[in-house]
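Trainee: I should be grateful for a close look at a single strand of this structure and at the strands that flank it. Please then carry the account on to other parts of the chain.

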Amino acid sequence: NIYLPYKIINNLIFIIMKNILTLCLGIVISVSSYATHLMGGQLTTTYISSDTSGSLYSLELDLYRDTLGIDVSISQNIEIWSLDVMGNYNLISTSTLSLGTSGTVSTMTSVYGVEIYHFTDSITFPGNGNYIVKWNNCCRNEAIINMTQPGSESMTLLAYVNVNNLSPNSSPTFLAPPVIYLPTNNVWQYNPLPYDLDGDSLVWGLTVPLSSSSNPPIPDSVSGYQFLSDTVLYSNLTAPFSVNSITGEITWDPKMAGNFVASLTIQEYRNGVLIGAMNRDMQFVVVSDTNNSTPQISNMQSLPTNNLGYPYIKIAPGQNYQVHLLASDADINDIVSMGSFGESFGLTSAASTFSYISTGNGNEIEGTFSWTPDISQVRVNPYIVVFRTSDNFFYYDETVQIEVTYNTTDFEDFGVLKTHDIYPNPANTNFTLPLSLTKKKVIEISIYNILGVKVSSEKLNLSSGNHMIVKKFNLQSGQYFVNITDKNGLTIATKKLLVVK
């Protein structure tokens, strides 16, 4: 059986996204004489192949450093530890990654520069068993508030690898890039989008960050750590710091400015059996900025939801589904952008697409997600897609689950109904929706405004054949969305409607 020792479940760490304080907004950065100002990173292993010499894996190490600190060395040491039959881990090899031959460095800029070091290499595990791949360096940012002595704490990245050539397993990774800043006294959402290449189930939780190792290879916990969910010190009661164990989305309404660290545990299950675990440290920079609003998506409520209230879309293979999202910022001079992340964008066939354009209404933009999955993408676990709005300083994430399924109870033979574009569009008092049915069907036509509020709804019991549905309305000028759903509430199609009086 594939298994994970209990000690590793509680102690493995996988750190990413350490952030420092911004001088521009008045938060003081404390610089240690030996600090590298590491902002985080991640260490992942991906299965390639197996032969008589063992199992070959690719190794990727990403490190984030703010440009105010000491340079990161272009050579990084990696340790490989193996679990023996007595339950002890033994160091079996070390490897040096050189940026010059196996990596790249890039820079992203907000208020200050952030360097991203990307190292790549390959490693061979000599046989089946449990291994730990480890990277360690010093030091954390001294300005971190929810630790006692952060400037003397190291940062360790660990990847637990269960090597089994009959059932290969790769580390989970993160599809969404890090976010640096968030405002005080505002409910904020962020999703790092954990993802597993093997399609294993991932479950998230919160734990204490880890530092250097007094008993290698498992690091010790940092000293004096305080959880950000503490409503006396760090969180407003409206939204204490939490992570959604289903979607991975983080929600927080911080009550004070400063640098803060949270550590997420990620457990990996296959067929109900725990086969891997890791932690990810994330440093949040909270700023007190009442002059800058966070950009928001205004019509998320128009998306269908599941019984838990999460945005949840079901698509049949071969069906094209589009999501149209409107985003804007209350600061009229800010330029709003929108990005989208998720497994569906990296598929080798029938991948999803995303783009956005200006609507011409102030700084409002419209993002369009489009996907026509094929039969190879049918599965029980939903695909998770994150839509991220930005004004180039603050970010806000919305998470949607998308299930590709043949579930006939929900779909009632999806090929039964075909819709065409509505016309006229723009419209004044009515529009026409052409559709065709191969057998009788009950549908509902609903109109939503840009805030996601349903302003009109009508159920129709239609016979087989071609239909021209004329929908009358009395609506103010503006943009709307027309949803066509079946009797189970499953969205068949969504159309844009512009009303001009």
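Mentor: Strand E20 (residues 321-328) and strand E23 run antiparallel and are joined by seven bridges. The model is a predicted one. Within this pairing, Leu326 has Glu366 of E23 as its bridge partner. E23 itself covers residues 365-371, and seven of its seven residues are buried. Its side chains point in two directions: Ile365, Gly367, Phe369 and Trp371 point one way, while Glu366, Thr368 and Ser370 point the other way, and all are buried. Glu366, the bridge partner of Leu326, is therefore counted as buried, which means a relative accessible area under 20%.

E23 also pairs with strand E22 (residues 353-358), again in the antiparallel sense, through six bridges. Here Phe354 stands opposite Phe369 of E23. E22 and E23 form a hairpin with six residues between the strands, and Gly360 in this hairpin takes a positive phi near 85°.

A comparable description can be given for strand E28 (residues 441-449). Eight of the nine residues of E28 are buried, so this strand is largely enclosed by the rest of the structure. E28 pairs with strand E29 (residues 454-462) in the antiparallel sense over eight bridges, and the bridge partner of Val442 in E29 is Asn461. The two strands form a hairpin with four residues between them, and Gly452 in the turn has a positive phi of about 80°. E28 is also paired with strand E31 (residues 478-486), antiparallel, over seven bridges. In that pairing Ile445 has Ile484 of E31 as its bridge partner.

Next comes an open sheet. Its four strands follow the order E10-E17-E16-E13, and the pairing is mixed. Strand E10 (181-183) and E13 stand at the edges with a single partner strand each, so one side of each has no neighbour in the sheet. Neighbouring strands in this sheet are turned against each other by 40° on average, with direction ignored. E13 and E16 pair in the antiparallel sense over seven bridges, and Val203 has Gln267 of E16 as its bridge partner.

Some of these strands also contribute to the largest nonpolar core. That core has 25 residues, of which Leu228, Phe241, Ile250, Trp252 and Phe284 touch the most other members. At least two core residues come from each of strand E11 (188-190), strand E13 (201-207), strand E15 (250-252), strand E16 (258-270) and strand E17 (273-287). E16 gives the most, with five residues. Leu228 shows what surrounds one of these core members: leaving aside neighbours within four places in sequence, Leu228 is in contact with Asn146, Tyr234, Ser235, Phe241, Trp252, Phe260, Val261, Ala262 and Phe284. Among those contacts of Leu228 are Phe241, Trp252 and Phe284, which are also listed with the core members that touch the most others.

The last region holds the disulfide. A search of the whole structure finds one disulfide, and this bond joins Cys138 to Cys139, with an S to S distance of 1.5 Å. The torsion about the S-S bond is about 70°, so the disulfide is right-handed. How exposed or buried is each of the two cysteines? Cys138 is partly exposed, with a relative accessible area of 23%, whereas Cys139 counts as buried at 1% relative accessibility. Cys139 is found in the loop between strand E7 (129-138) and E8. Cys139 and Glu153 are 14 residues apart in sequence, yet their C-alpha atoms are 5.6 Å apart in space.

E8 itself spans residues 154-163 and includes Asn162. Asn162 is buried, with a relative accessible area of 5%. The side chain of Asn162 makes a polar contact of 2.8 Å with the side chain of Asn130. A polar contact of 3.5 Å also joins the side chains of Asn162 and Tyr160.

Notes: Residues numbered from 1 in each chain as written. Heavy atoms only, no water. Disulfide = S-S within 2.5 Å. Buried < 20%, exposed > 50% of the residue type's maximum accessible area, 1.4 Å probe, protein only. Core = buried A, V, L, I, M, F, W, Y, C linked by side-chain atoms within 4.5 Å. Contact = heavy atoms within 4.5 Å. Polar contact = N/O pair within 3.5 Å; in protein donor to acceptor, adjacent residues only side chain to side chain. Pairing = 2+ DSSP bridges. Axes fitted to C-alpha atoms, helices over the stretch in contact; angles between N-to-C directions.
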